[in-house]
Amino acid sequence: MRVEWLKFFLDIAKTGSLRASANNLYITQPALGSAITSLEKELGYPLFTRTRSGMQLTEQAVATIPLVWSIG
C-alpha cells in the first residue's frame, strides 16, 4: 500500500469528486481512479460508490477515515 493512495482517498472523501481531487492533487483522473481501485483491492472492500453525481463513501470507508488520519 502506498501512502499517497491514502492521501488520495482522503481528498476524494473531502471533495466527493474524482475530477476535483485530480485537480487538487495535480494528477490525471485515470491515474487517480487506478490508485483508488488498487487501494480498494488491497483493503479488500470498496471505499466509494461511484455515481453520476460524485463519489459516495461506503460504510467501510467511513470507518477507515480515522485509521488513515492516525497514520498520517
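How are α2 and α3 oriented relative to each other? Keep that in mind as you start. This is a predicted model.

**Stop 1: α2 against α3**

Select residues 18–25, helix α2, and residues 29–43, helix α3. Their axes come within 9 Å and cross at roughly 105 degrees. Angles of 65 to 115 degrees count as roughly perpendicular. So α2 and α3 are roughly perpendicular to each other.

Now show side chains. From α2, pick L18, R19, S21, A22 and L25. They meet Q29, L32 and G33 of α3. This contact has four nonpolar, three polar and one charged residues.

Click R19, which lies in helix α2. R19 has 56% relative accessibility, so R19 counts as exposed. Draw a distance from its C-alpha to that of Q29. You should read 6.1 Å, for two residues ten places apart along the chain.

**Stop 2: the loop with Y26**

Move to the loop between α2 and α3, and select Y26. Is Y26 buried or exposed? Y26 is exposed, at 76% relative accessibility. Check its backbone too. Most residues other than glycine have a negative phi. Y26 is not a glycine, yet its phi is positive, about 60 degrees.

**Stop 3: α1 against α3**

Keep α3 on screen and add α1, residues 3–15. The axes of α1 and α3 are 9 Å apart, and the helices pack at an angle of about 105 degrees. α1 and α3 are therefore roughly perpendicular to each other.

Which residues make the contact? From α1, select W5, L6, F8, F9 and I12. From α3, add L32, A35, I36, S38, L39 and E42. Colour them by class: nine are nonpolar, one is polar and one is charged.

**Stop 4: the nonpolar core**

In soluble globular proteins, nonpolar side chains tend to be buried together. Look for that here. The largest nonpolar core has 18 residues. Select F8, F9, L32, I36 and F48, which touch the most other members. The elements giving two or more residues to this core are α1, α2, α3 and α4. The largest share, six residues, comes from α1.

Zoom in on I36, in helix α3. Its relative accessible area is 0%, so I36 is buried. Leave aside residues up to four places away in sequence. I36 then touches W5, F8, F9, I12, F48 and R50. Now draw a line from I36 to L57, C-alpha to C-alpha. These two are 21 residues apart in sequence and 12 Å apart in space.

Next, centre on F9. Which residues does F9 touch, not counting those up to four places away in sequence? F9 touches I36, L39, L47, F48, L57, A61, T64, I65 and V68.

**Stop 5: helix α4**

Select residues 59–71, helix α4. Where is the kink in α4? The kink lies at I65, shortly before the proline P66, and is about 30 degrees.

Now highlight A61, T64, I65 and V68, which are buried in α4. An α-helix has 3.6 residues a turn, so residues three or four places apart point the same way. Turn the helix and see how these four side chains lie. What covers the buried residues of α4? The cover includes α1 and β2, residues 54–57. Select F9 once more to finish: A61, T64, I65 and V68 are among the residues F9 touches.

Conventions:
Residues numbered from 1 in each chain as written. Predicted model: local features only at pLDDT ≥ 70, side-chain atom pairs only at ≥ 80, totals over all residues. Heavy atoms only, no water. Axes fitted to C-alpha atoms, helices over the stretch in contact; angles between N-to-C directions. Helix = DSSP H or I, 4+ residues; strand = E, 2+ residues; numbered from the N terminus. Parallel < 35°, antiparallel > 145°, perpendicular 65-115°, else oblique. Contact = heavy atoms within 4.5 Å. Nonpolar A, V, L, I, M, F, W, Y, C, P; charged D, E, K, R; others polar. Bend = angle between axes of the 7 residues up to and from the residue. Buried < 20%, exposed > 50% of the residue type's maximum accessible area, 1.4 Å probe, protein only. Core = buried A, V, L, I, M, F, W, Y, C linked by side-chain atoms within 4.5 Å.
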